[in-house]
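Hi there,

Here is the structure I promised to pass on. Have a look at it first, and then read my notes below.

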Amino acid sequence: MVRLAAWCLALSVVVSRAGLVVHELVGHGLAALAVGGSVTDLHLYWFAGGWIEYGGAEAWSPTAIAVVSLAGVTVEVVVAAGLAAWNRRRPALALAGAAWALTIHAALYLAVGAADGVGDGAWVHQRLGGARGAVAIPAAVAALVAAAVASRRLGAALIATLPPGPRARRVALLALALALAGGAHAALVVGELQVRPDPTYARVMATERARSIAREVAAWRAEAAARGELDAAHERAARRTIAARHQARRWGPWLVAAVALIAALGLARARARGHTPLADRDLTRAGGAAAIAVIAVAAIDVAARAIW
């Protein structure tokens, strides 16, 4: 079980780091260049996400903005399709896992973004207004379907790596392995965000409601300072009043919970055939690939800071 947890953690690191580079540089970066813009800044976290900034964006048409905004998730889906095709020719659990992970991430990220105005979906949220469900709902359905199918297919292969025994015991061990891997990856992400906070990333990943409140509070502070009435008590009261005017429901946590529940149900119903333990070389390759992926992302981030 520990070996499986280590393998899953390594694979999640590889997929998330490679996916981050593809999403930001290949997706947003190339799209910005294609519409006549330029890349003016880039920041990649070692374990968390990242952001990219453009030059010339103020002159882009709505179509160009849409292309650049959605290029990241689009490229993720394209890469996932390529990995799936590769997996059909040369079946490998890592390839299948990477393909499904990228597909689910792209769909869920777009759904949450469109619903709450987070990340890449912020443009959709703002542009479509009350009609944003036309994007959020299909994307959410796609994420749910992908999670259901992936959990059944990958679950069977993952259970097969565990020692033979009662099915309920093997499913419980799989759940524990995935919880350990997911918890370790989440700890790396949260820890890095605490150690290396970045205001731009925080703003990009904030909801539209949070950004609206922040803008109004900043405007209130400027006016209060000009009147000489700025103090902590008045600011707290103003923040409460402003927040009360923005009561938009958050859909993101519910969407993430729904995808997690569907995946858990799929894993619970998965049935393994035989026993195919993880080989030592599988763990070594996964760990080595994870280390290389983190080093590569760190190198790109350092290079970006030197360039811009």
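**What I found**

Let me start with Arg167, which lies in helix α6 (residues 167-195). Arg167 is partly exposed, as its relative accessible area is 32%. On the surface, Arg167 joins Arg152, Arg269 and Arg271 in a patch of positive charge.

Before you go further, please keep in mind that this is a predicted model. The mean pLDDT of the protein chain is 93, and 100% of its residues reach 70 or more. Among the elements of the chain, helix α3 (residues 93-116) has the highest mean pLDDT, at 97, while helix α9 (residues 232-244) has the lowest, at 87. As a general caution, predicted coordinates should not be read in detail where pLDDT is low.

**Salt bridges**

How many salt bridges does the structure hold? The total is 10, and three of them are described here.

Take Arg3 and Asp280 to begin with: they form a salt bridge whose closest N and O atoms are 3.1 Å apart. Arg3 belongs to helix α1 and Asp280 to helix α11 (residues 280-307), so this pair ties together parts that are 277 residues apart in sequence. Is each partner buried or exposed? Arg3 is partly exposed, with a relative accessible area of 38%, whereas Asp280 counts as exposed because its relative accessibility is 54%, and the cut-off for exposed is over 50%.

Next comes Glu192, which forms a salt bridge with Arg196; here the closest N and O atoms are 2.6 Å apart. Glu192 counts as buried, at 7% relative accessibility, since buried means under 20%. Its partner Arg196 counts as partly exposed, at 25%.

Then there is Asp301, whose side chain meets that of Arg305 in a salt bridge (3.5 Å, N to O). Both residues lie in helix α11, four residues apart, which is about one turn of the helix. Asp301 counts as buried, with 3% relative accessibility, while Arg305 counts as partly exposed, with 48%.

It is worth viewing those last two pairs together, because Glu192, Arg196, Asp301 and Arg305 are linked in a network of salt bridges. Within that network, Glu192 is buried at 7% and Asp301 is buried at 3%; Arg196, at 25%, is partly exposed, and so is Arg305, at 48%. In general, side chains of opposite charge can pair when their charged atoms come close.

**A nonpolar patch, and a pair to look at**

Which residues form a nonpolar patch on the surface? They are Val26, Leu30 and Leu33, and together they have about 260 Å² of accessible area. Leu33 is found in helix α1 (residues 2-34), the helix that also holds Arg3 of the salt bridge with Asp280. Leu33 counts as partly exposed, at 48% relative accessibility.

Finally, you could turn to Gly82, in helix α2 (residues 62-89). Gly82 is partly exposed, with a relative accessible area of 39%. How far apart are Gly82 and Leu95 in sequence and in space? They are separated by 13 residues in sequence and by 9.8 Å in space, taken from C-alpha to C-alpha.

Happy to talk any of this through when you have had a look.

Best wishes

How values were computed
Residues are numbered from 1 along each chain as its sequence is written. This is a predicted model: local features need pLDDT of at least 70, side-chain atom pairs count only at pLDDT 80 or more; totals for chains, interfaces and linings use all residues. Side-chain values use heavy atoms; hydrogens and water are left out. Patches are made of residues with over 30% relative accessible area and no salt bridge: like charges are joined within 9 Å, nonpolar side chains (Val, Leu, Ile, Met, Phe, Trp, Tyr) within 5 Å. Accessible areas come from the Shrake-Rupley method with a 1.4 Å probe; for residues, only the protein chains shown count as cover. A salt bridge is a side-chain nitrogen of Lys or Arg within 4 Å of a carboxyl oxygen of Asp or Glu. Lys and Arg count as positive and Asp and Glu as negative; His and the chain ends are not counted. The place of a charge is taken as NZ of Lys, CZ of Arg, CG of Asp or CD of Glu. Helices (H or I, at least four residues) and strands (E, at least two) are DSSP runs, numbered from the N terminus. Buried means under 20% relative accessible area, exposed over 50%, partly exposed in between (1.4 Å probe, protein chains only). pLDDT is the predictor's confidence in each residue, from 0 to 100.
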